[in-house]
Amino acid sequence: MKSATGRAPSLAVWPLLGLVAAIGLVFDSRSYDPNAPKLQLAFAAVGLALAALGIEARSARLELPRRRELDSWVLAALGAACASALASEFPWLAGPAIRDLSLVALAYGCARMALAPEDGPRLEGVLGLVTTAASVFGLAQLIAPTGMAFVAPFGHQARTLAATMANPDYFAAWLLMTWPFLASGLRRSEKLRWVWSAVIALALTCLILSFSRAAWVGLAAQLVLARAGAGWSRRSAAAAAGLALVVVLAMPGLTSKLGSAATARQRLVIWRAALGMATQRPLLGHGPGAFGAVFPAFRAPDFRATGMAYVDEFAHDLPLHAVACGGLLGLAMLALGLAALTRDGESIEARHLAAVGMLAQNLFSVTLCVTPLAAALAFLVGGPEQRPSPGGPVAPRALAGALWGFAALAAWGCLSAGYELGAGRALRDGRLATEAGLARGTEGWQPRAAQLLEEARALGPLAVAPRYRLAGVRALAGDLGTAAAAYIMVEALWPGYAELPRNRAEVYRAMGALVPARRQARLWSDMNAVEPAGPVLLAEIEEEAGDRVEARKNALLARDRGASGPAFEALLGRLLGP
């Protein structure tokens with residue numbers, strides 16, 4: 001039986017609602033990334049929905065909805081990402097990124113074909129239940145003695161709410177996406193208005209308690225757009241909101257007020273590096289997923305003075321991330337997407353508010369780089385219009401074949417994500433075994449840790465983290481040749497990964513290869529222009545090589561940088577003595 005819009009109710013709605021529930025609730029404390037299971041479940045849910053749509057198309061029960069501006073943009077954006085991937089210096093990193101972007105596009109397409117206006121209350125109800133459960137769980141975490149503590153505005157320590165996303169920014173992004181739909185449920189409801197009001201109040205309270213300053217900016221943009229849309233034309237309101245976002249982006253002073261001074265300095269290091277990356281490859285960028293691999297070559301030499309001790313994989317600014325990874329083509333696609341969003345529909349709806357909130361948050365955050373969240377947003381934005389026009393008939397066999405082909409693609413993505421999940425669990429177990437062995441200070445733990453890390457490497461042959469940790473375990477076990485070869489492979493896959501030059505210098509030094517050890521130690525010292533560790537290591541290697549002049553020079557530089565401790569004092573005494 002068909003609905004009032006001429007579209008038959010679809011069986012694909014149920015796995016898609018399962019997609020929403022999985023992204024909002026599932027996490028795995030055993031995995032290296034607690035959100036990793038969401039990716040596998042999302043591929044599975046989208047695959048089931050596509051298979052159901054294929055069955056309905058084959059039986060001529062499926063009609064395509066009216067075309068939107070965003071439909072063409074989604075396909076064009078995926079094509080632009082593929083073009084950038086083909087020109088990438090790191091195709092092994094671009095592959096998983098394209099796979100994840102395909103999931104986002106498929107989630108949008110499923111929502112476009114499966115959801116009818118009659119499914120709106122059902123979707124809002126599921127979002128309400130999932131958000132309530134996640135919020136209550138998060139509040140329970142917040143009051144627990146082991147709750148997470150973060151730096152709140154003005155530098156004060158504060159407890160923050162991470163909930164089922166295991167990260168406060170990610171959970172805040174989920175709330176930004178869902179509360180507009182909860183407000184739509186409130187407007188639609190006649191008997192349960194107090195229930196909807198309580199759920200909305202709970203969601204907004206949790207959004208504030210997340211202490212995600214970027215999410216607060218997103219919420220402000222949503223409220224401005226919702227209020228402006230009540231009296232302005234749709235395009236005028238959207239243009240005003242877009243102008244406000246540009247103004248926010250152009251105010252570094254506001255950025256420095258969004259967190260502690262250290263956070264602001266770290267973001268400036270990342271943003272300057274992103275601009276340098278974009279300048280080097282301006283047309284197509286460095287490729288999807290390549291930001292972290294390229295970042296070490298462009299970060300400031302004194303980046304550790306800001307408190308940053310890691311390789312950042314995201315720009316913490318959506319336009320800068322787009323231009324660094326996708327070049328001017330990526331930035332143009334981002335602008336065209338915003339333009340398509342302003343022309344989508346006849347009025348401002350919940351899906352517009354969800355998209356604007358996430359875009360505003362990602363002027364300072366990375367939540368759209370988290371695939372499950374991006375897939376959830378694509379699904380919500382692809383939902384039905386309030387007053388859609390009926391679609392037209394299609395060729396059943398051709399459409400069914402295409403949908404089943406996409407379902408097979410989703411099945412492959414599910415399998416690939418499952419391998420990544422297994423690798424993440426083995427990597428976490430290997431890391432914990434390594435840390436426990438080092439803490440005990442005993443021998444005999446290396447074989448077990450190496451076995452777990454080998455398992456992680458086998459499940460993810462091109463993954464860098466298992467290789468890096470396995471090389472460290474091999475070095476600690478005395479297998480220096482294997483460790484040195486593993487570090488070389490890590491550098492080939494991901495230049496500048498973590499503290500790679502220092503690791504290689506220490507391994508070469510233990511092997512007696514002082515020339516490459518000196519080269520790697522100097523690189524490590526140059527990468528950490530304000531820390532004493534680099535000059536200390538270089539002084540020790542130069543002393544072993546018999547060059548007391550260079551060793552003394554580096555020891556004095558380390559002293560000027562604040563080096564101390566009995567071992568350093570002994571080194572300095574030997575070098576300054578007769």
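**Figure 1. A salt bridge joins E542 and R518 in the predicted model.**
The side chains of E542 and R518 meet with N and O 3.0 Å apart. The two partners belong to distant parts of the chain: E542 sits in helix α22 (residues 533–545), R518 in helix α21 (residues 514–527), and 24 residues separate them. E542 is buried, with a relative accessible area of 2%. R518, at 24% relative accessibility, counts as partly exposed. Buried is the word for residues under 20%, so R518 at 24% falls outside that class.

**Figure 2. R351 and D344 form a salt bridge.**
The closest N and O atoms of R351 and D344 are 2.3 Å apart. R351 is buried, at 3% relative accessibility. D344 is buried as well, with a relative accessible area of 2%. Which residues belong to the network of salt bridges that share partners? R68, D344, E349 and R351 are joined in this way into one network. In the whole structure there are 22 salt bridges.

**Figure 3. A salt bridge lies within helix α16, between E435 and R431.**
The distance from N to O in this salt bridge of E435 and R431 is 3.2 Å. Helix α16 covers residues 396–440. E435 and R431 are 4 residues apart in this helix, which means that about one helical turn separates them. E435 is partly exposed, its relative accessible area being 41%.

**Figure 4. R504 in helix α20 and its contacts.**
Helix α20 runs over residues 500–511 and contains R504. Is R504 buried or exposed? R504 is buried, with a relative accessible area of 9%. Leaving aside residues up to four places away in sequence, R504 touches Y487, I488, E491 and Q520. With one of these, E491, the side chain of R504 makes a polar contact of 2.2 Å. A521 is 17 residues away from R504 in sequence, and the C-alpha atoms of the two are 8.2 Å apart in space.

**Figure 5. The largest nonpolar core and a second core.**
The largest nonpolar core has 90 residues. Within this core, the residues with the most contacts are F171, W174 and F379. Helix α6 (residues 168–188) supplies the largest share of the core, 13 residues. What does F379 touch, not counting residues up to four places away in sequence? Its contacts are L16, L19, V20, A107, A111, L115 and L123. Another core, of 56 residues, lies apart from the largest one. Among the residues of this other core are A433, L452, V490 and V507.

**Figure 6. The aromatic pair of F27 and F137 is tilted.**
The structure has 5 aromatic pairs in total. In the pair of F27 and F137, the ring centres are 5.8 Å apart and the planes stand at 45 degrees to each other. Why is this pair called tilted? Planes under 30 degrees apart count as stacked and those over 60 as edge-to-face, so a pair at 45 degrees belongs to neither class. F27 lies in the loop between α1 (13–25) and α2 (36–58), whereas F137 is in helix α5 (residues 120–143). The pair therefore ties together parts that are 110 residues apart in sequence. F27 is partly exposed, with a relative accessible area of 33%. F137 is partly exposed too, and its relative accessible area is 33%.

**Figure 7. The aromatic pair of F90 and W92 is edge-to-face.**
The ring centres of F90 and W92 are 5.7 Å apart. Their planes meet at 90 degrees, so this pair is edge-to-face. F90 is buried, with a relative accessible area of 8%. W92 counts as partly exposed, at 25% relative accessibility.

**Figure 8. Cysteines without a disulfide.**
A disulfide is a covalent bond that links the sulfur atoms of two cysteines. How many disulfides does a search of the whole structure find? The search finds 0. C325 is therefore in no disulfide: the nearest cysteine sulfur, that of C369, is 7.6 Å away, and a disulfide needs sulfur atoms within 2.5 Å. C325 is buried, with a relative accessible area of 8%. C414 is also buried, and its relative accessible area is 18%.

Notes: Residues numbered from 1 in each chain as written. Predicted model: local features only at pLDDT ≥ 70, side-chain atom pairs only at ≥ 80, totals over all residues. Heavy atoms only, no water. Helix = DSSP H or I, 4+ residues; strand = E, 2+ residues; numbered from the N terminus. Buried < 20%, exposed > 50% of the residue type's maximum accessible area, 1.4 Å probe, protein only. Contact = heavy atoms within 4.5 Å. Polar contact = N/O pair within 3.5 Å; in protein donor to acceptor, adjacent residues only side chain to side chain. Salt bridge = Lys/Arg side-chain N within 4 Å of Asp/Glu carboxyl O. Core = buried A, V, L, I, M, F, W, Y, C linked by side-chain atoms within 4.5 Å. Phe/Tyr/Trp six-rings, centres within 6.5 Å; stacked < 30°, edge-to-face > 60°.
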